[in-house]
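Got your viewer open? Grab the mouse, and let's take a walk through this one, stop by stop.

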Amino acid sequence: MGYQKEAWVTQLEESVNTLEKLQAYVTVSPGEKKGIEEAEKGHVRWGTTPYFASLMDPEDPGCPIRRQIIPSVLEKENRYGVENYLAWKENRLTSETRPDCIARQYHDRIAFLVTDMCAMYCRHCFRKELVVVREVRFRFDIEEGLQWIRDHGEIRDVLVTGGDPFVLSDDKLGWLVAKLREIPHVEMIRFGTRTPIVLPHRITPGLKEVLSGYHRVPIWINTQCNHPGEITEQTARAVYDLLSCGVQVGNQAVLLKGINDDTETFRALHQKLLSIRIRPYYLFYCEPAPGIDHFRTPVEKGAELIRDAIRGHTSGLAQPMYVVATSIGKIMLMPYYSYVEKNDREYTLRNYKGEITTLPNIPD
Ligand SMILES: *Cc1c(COP(=O)(O)O)cnc(C)c1O
Ligand code: SF4
């Protein structure tokens, strides 16, 4: 009876995370080589699965997938990034004491950080200080986090994240789901995982067993896909398998300069997500974490893209909510163009094409 190692474990073990391994996939440019040397000098994590690496354009260093994977010397620059970003963003400097693994911005829900490992170390990661650069270290004491949730009856929604929680084993995830479901005030469990995109092999029969079945406490998943080139037949299959477990799959894209900030790519991304049954949820403005200035656009860009590429131009289901995540919660940056004016009689409204209409103003 041989024990067969699952493909996803092999994918993680064979992570493309050295110059030598990368050269099997792409012609590494001098700039990329420098970026990798700098990263390695600073003990900065980088790398992805062989599967995701194979989606890179071998000859174009500007390839949108390549730019998310390969470190850049620009990560050393930090004109606009906020120092000690994560501590500020996750309200870790306030008087409320919480375990390291609990990030809180809202009354009824929290982010539960269960690992700092990922299948891919995205260059634009907003938890970069913890996950990629690792100058911030947390204690990932899951028992301690569970106890904190048990002690806080107001928490009805637990968002399990990291890092990427799906790098944990089926047994560990099954145990975590069971423990959360034992807590009477927990009404839903969410996982934030990039594995459907960077490691679709992770959605194994074993994991499906963990996730499936009718239960009082549903499981929701949000993944992160930033470019239509990240979607393959394998992604489609993984998403279908998740849905067949009763698990909805949403997307949280990050607005990335030169990667998905043109109308054509942006529309193709959101249409392709729907074509494989992923519902766009958020478009995140690229947060002011340190060392990712080169990925950031002006704030208006996201709303303009929704106006010019999605709203009215294609299926309404394709439209994500455009937000920026801040220390006081996520803030909507949506269609600033909608309201033109208001008087006692009516509102004047503008659509995606700039056309004007009116709506009666009903007194309260
Ligand atoms: C993003 C986030 C949530 C979930 O926010 P939703 O808008 O409900 O998706 C909860 N807690 C923290 C700390 C978060 O960062
Ligand atoms: S998968 Fe998420 S947590 Fe991991 S590096 Fe990418 S953005 Fe950061």
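Which oxygen-bearing partner has an atom 2.6 Å from a polar side-chain atom of Y281? Select Y281 and look: the partner is ligand 1, and the atom on its side is an oxygen. Before you go on, keep in mind that this is a predicted model.

**Stop 1: ligand 1 and its polar partners**

Stay with ligand 1 and add R190 to your selection. A polar atom in the R190 side chain is 2.8 Å from an oxygen of ligand 1. Now add Q105, where an N or O atom of the side chain lies 3.5 Å from a ligand 1 oxygen. Next, try hiding the protein for a moment: on its own, ligand 1 exposes 380 Å². Bring the protein back, and 89% of that is buried.

**Stop 2: the shell around ligand 1**

Select the whole neighbourhood: A103, Q105, Y106, R109, I110, A111, L159, R190, Y281, Y282 and K330. Colour these residues by class and you should get seven nonpolar, one polar and three charged. If you show a pocket surface, ligand 1 sits in the largest pocket. Switch to the cartoon view to see two elements that each give two or more residues to this shell, β2 (109-113) and β7 (279-284). Strand β2 provides the largest share, with three residues.

**Stop 3: ligand 2**

Now jump to ligand 2. Which residues surround ligand 2? Select C118, M120, Y121, C122, C125, G163, R194 and Q224 to see them. By class, this shell has five nonpolar residues, two polar ones and one charged one. Ligand 2 also sits in the largest pocket.

**Stop 4: two backbone oddities**

Zoom in on G163, which you just picked as part of the ligand 2 shell. G163 belongs to the loop between β3 (157-161) and α9 (170-181). Look at the link from G162 to G163: this peptide bond is cis, with omega about 10 degrees.

Then select H43, in the loop between α3 (30-41) and α4 (50-53). Here phi is positive, about 55 degrees, even though H43 is not a glycine.

**Stop 5: zoom out**

Finally, colour by domain. Give one colour to domain 1 (80-333) and another to domain 2 (336-364). How far apart are the C-alpha centres of domain 1 and domain 2? They lie 35 Å apart.

Methods: Residues numbered from 1 in each chain as written. Chains lettered and ligands numbered in written order. Predicted model: local features only at pLDDT ≥ 70, side-chain atom pairs only at ≥ 80, totals over all residues. Heavy atoms only, no water. Near = heavy atom within 4 Å. Polar contact = N/O pair within 3.5 Å; in protein donor to acceptor, adjacent residues only side chain to side chain. Areas by Shrake-Rupley, 256 points an atom, 1.4 Å probe, with all protein chains shown as cover. 1 Å grid on protein atoms, 1.4 Å probe; cavity = no way out; pocket = protein on both sides within 12 Å on 5 of 7 lines; lining within 4 Å. Sits in = over half its atoms within 2 Å of the grid points. Helix = DSSP H or I, 4+ residues; strand = E, 2+ residues; numbered from the N terminus. Nonpolar A, V, L, I, M, F, W, Y, C, P; charged D, E, K, R; others polar. Domains from an automatic or database assignment.
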